[in-house]
Structures are given as structure tokens and as C-alpha cells.
Amino acid sequence: MSPVRRLADALFQVALTLWVGGLWSIGYLVVPTLFNTLESRPLAGAIAASLFEVSGWAGLGLGIFLLLCLLLRQGLAALRTLPFWLAALMLILTAVSLFGIQPLMARMKLEALPLAVMESPLRERFSTWHGISSSLYLLQSLLALGLLLRLGRSGGR
């Protein structure tokens, strides 16, 4: 294998690790820790929202990079592979959250002021969107697991 191919494979693995690791560590370790540690739920929510936004932008970039790597490595044949479509679905869910759900929830928080959104008339609507967001995040996490398992079996091909 050429040095360029080894470097490309290594960058692919690093990008995949950052995306999936960030997704899991923020969603299932950091954010629950914030809510269990901080006395202020609105503060924990604000920090969590910021972390999810940063994670979303990172996921967008890393997901595009991974899809491009797969296309460059396999050409159009990549479109017939499960790893390509798992990564594409993860990318779509990232975009839906980043450009649709997160701004909607942020707007509800602003509309609720001076109250915290969970103490306002928007509580039920916010809870519904929070549930949708959490469900999509879980789906994205499961797709990531499938991607890791599939790429592990195929040696990254």
C-alpha cells in the first residue's frame, strides 16, 4: 500500500473516530453529567445546546469528509455500499438537527423569556421537540454503531 493510501486510510479512521466518539461522549456522558451536576437546569440546557451545536458542525464537516473519502476510494461503487448510506443517513440527521430542530428549540427558549422554557406555556411544545431531537440522536448513534461494525468487518472498505 502506498504512503498516500495509508495516510488517507488513517485520516478516514481519525475522522470516523472523532465523529462517532464526539457524538457518543457528548450525548451520553457530558450532557447527562451537566444535568446531574449543575444546580441550574437552564444553565445545563444552555451548555448542552452549545455542545450539540459545536458537535453538529463538526459532524457535518467530518461526515462530508467521510463520504468524499468513500467516493474517492471506491468511485460510484460506493453508492452501492452499506457504509456509504449509513454515513449519509448520519449526515442527513446531523443537518436536520443543526439547521431545523436546534434553531427551533433555541427560538422557543427566547420566546419563553423571561421565564425558563420549561416554566413557560411553551413547555409541552419544547418537550415534544426535545423528544424528537433525542430520538433522532439515538437513531444517529445506532447508525454510527452500524457503521463502525460494518467498517470493522470490511477493513474500512
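Arg 73 is partly exposed in this predicted model. Its relative accessibility is 22%. Because the buried class ends under 20%, Arg 73 falls outside that class at 22%. The side chain of Arg 73 forms a salt bridge with that of Asp 9. The N to O distance is 2.8 Å. Asp 9 belongs to helix H1 and Arg 73 to helix H2, so this pair ties together parts that lie 64 residues apart in sequence.

Asp 9 also pairs with Arg 5. Here the closest N and O atoms are 3.2 Å apart. Both residues sit in helix H1. They are four residues apart, so about one helical turn separates them. The two partners fall into separate accessibility classes. Arg 5, at 33% relative accessibility, is partly exposed. Asp 9, at 18%, is buried; the class is defined as under 20%. The salt bridge count comes to two. Through shared partners, Arg 5, Asp 9 and Arg 73 join into one network.

The packing of helices H1 and H2 was examined next. Their axes come within 9 Å. The crossing angle is roughly 160°. Because angles over 145 degrees count as roughly antiparallel, H1 and H2 are assigned to that class. The crossing of H1 past H2 is left-handed.

Nonpolar packing was then considered. The largest nonpolar core holds 29 residues. Helices H1 (3-37), H2 (41-74), H3 (82-112) and H4 (123-154) each supply at least two residues of this core. Within the core, Met 90 and Leu 147 touch the most other members. With residues up to four places away in sequence left out, Met 90 touches Trp 19, Val 20 and Leu 23. Under the same exclusion, Met 90 also touches Gln 140, Leu 143, Ala 144 and Leu 147. Met 90 and Leu 147, the two residues that touch the most other core members, are thus in contact with each other. Another core lies apart from the largest one. This other core has eight residues. Among them are Met 105, Met 108, Ala 112 and Phe 126.

Terms used: Residues are numbered from 1 along each chain as its sequence is written. This is a predicted model: local features need pLDDT of at least 70, side-chain atom pairs count only at pLDDT 80 or more; totals for chains, interfaces and linings use all residues. Side-chain values use heavy atoms; hydrogens and water are left out. A nonpolar core is a set of buried Ala, Val, Leu, Ile, Met, Phe, Trp, Tyr and Cys residues joined through side-chain atoms within 4.5 Å. Buried means under 20% relative accessible area, exposed over 50%, partly exposed in between (1.4 Å probe, protein chains only). Contact means heavy atoms within 4.5 Å. A salt bridge is a side-chain nitrogen of Lys or Arg within 4 Å of a carboxyl oxygen of Asp or Glu. Axes are lines fitted to C-alpha atoms, for helices over the stretch in contact, and angles run from 0 to 180 degrees between N-to-C directions. Angles under 35 degrees count as roughly parallel, over 145 as roughly antiparallel, 65 to 115 as roughly perpendicular and the rest as oblique. A crossing is left-handed if the near helix is turned anticlockwise from the far one by less than a right angle, and right-handed if clockwise.
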